[in-house]
Amino acid sequence: MTYEQYRSWILNHYPILGSGTHIDLLAGAASGGTAVLCTYPLDLARTRLAYQVVDTRGSLEYGSKGFQSQTAYKGIKDVLFSVYKEGGARGLYRGVGPTLIGILPYAGLKFYIYEELKGHVPQDYENSITMRLSCGALAGLFGQTFTYPLDVVRRQMQQI
């Protein structure tokens, strides 16, 4: 939805830019950036939960099945509250820079490639759901392949 909104806004407010692939790249990058800013704290929580480290200095308790460890976080809310308590709103967006640097080219490329692939689809199949899904899947695959190294950097920053 945001892609279409940004695309229309660019075309209506900046007619000097014309239309074409560069508009798809700009609108795609802007929509990807918007999505990241809206959902980043949840992505941070997911990463922290996936990579949570157990404090072994005193958190081990002897149970009926041997030693049992305590997890660092109890759930998404616990992660969000803990991170906010430690670093405020800035803490919730730790690592957003590399994420934006990665999502802008990823989303831009994805939407550009999607529009290009759709342009090569025979007219009889333009409204086919299967064809649109296939174009979207290929566009996502190519976009992710080119921007994956930035995703690795982002995950490393989120763990700190």
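A residue is called buried when its relative accessible area is under 20%, exposed when that value is over 50%, and partly exposed in between. Keep these cut-offs in mind as you move through this predicted model, beginning with Arg7.

Select Arg7 first, and colour it so that you can find it again: its relative accessibility is 24%, so Arg7 counts as partly exposed. Now add Asp24 to the selection, and look for the place where the side chains of Arg7 and Asp24 meet in a salt bridge, with 2.9 Å from N to O. Because Arg7 belongs to helix α1 (residues 2-13) and Asp24 to helix α2, this pair ties together parts that are 17 residues apart in sequence. Asp24 itself has a relative accessible area of 6%, and it is therefore buried.

Stay with helix α2, which covers residues 21-50, and select Ser31, which has its place there. With a relative accessibility of 5%, Ser31 counts as buried. What does Ser31 touch, if residues up to four places away in sequence are not counted? Show the neighbours around Ser31, and you will find Thr2, Tyr3, Tyr6 and Phe111 in contact with it.

Further along, select Asp43 and Arg46, which both lie in helix α2, three residues apart, or about one turn of the helix. Their side chains meet in a salt bridge, and the distance from N to O is 2.6 Å. Is Asp43 buried or exposed? Its relative accessible area is 15%, so Asp43 is buried, whereas Arg46, with 47%, is partly exposed.

Next, go to helix α4 (residues 96-119) and select Glu115 together with Lys118; because they are three residues apart in this helix, about one helical turn separates them. The side chains of Glu115 and Lys118 meet in a salt bridge as well, here with 3.7 Å from N to O. Lys118 has a relative accessibility of 26%, and so it counts as partly exposed. How many salt bridges does the count come to? The count comes to three.

For the last stop, select Leu133, which is found in helix α5 (residues 129-159). Its relative accessibility is 58%, so Leu133 counts as exposed. To finish, add Tyr114 to the selection and draw a line between the two C-alpha atoms: Leu133 and Tyr114 are 19 residues apart along the chain, and their C-alpha atoms are separated by 9.8 Å.

How values were computed: Residues are numbered from 1 along each chain as its sequence is written. This is a predicted model: local features need pLDDT of at least 70, side-chain atom pairs count only at pLDDT 80 or more; totals for chains, interfaces and linings use all residues. Side-chain values use heavy atoms; hydrogens and water are left out. Helices (H or I, at least four residues) and strands (E, at least two) are DSSP runs, numbered from the N terminus. Buried means under 20% relative accessible area, exposed over 50%, partly exposed in between (1.4 Å probe, protein chains only). Contact means heavy atoms within 4.5 Å. A salt bridge is a side-chain nitrogen of Lys or Arg within 4 Å of a carboxyl oxygen of Asp or Glu.
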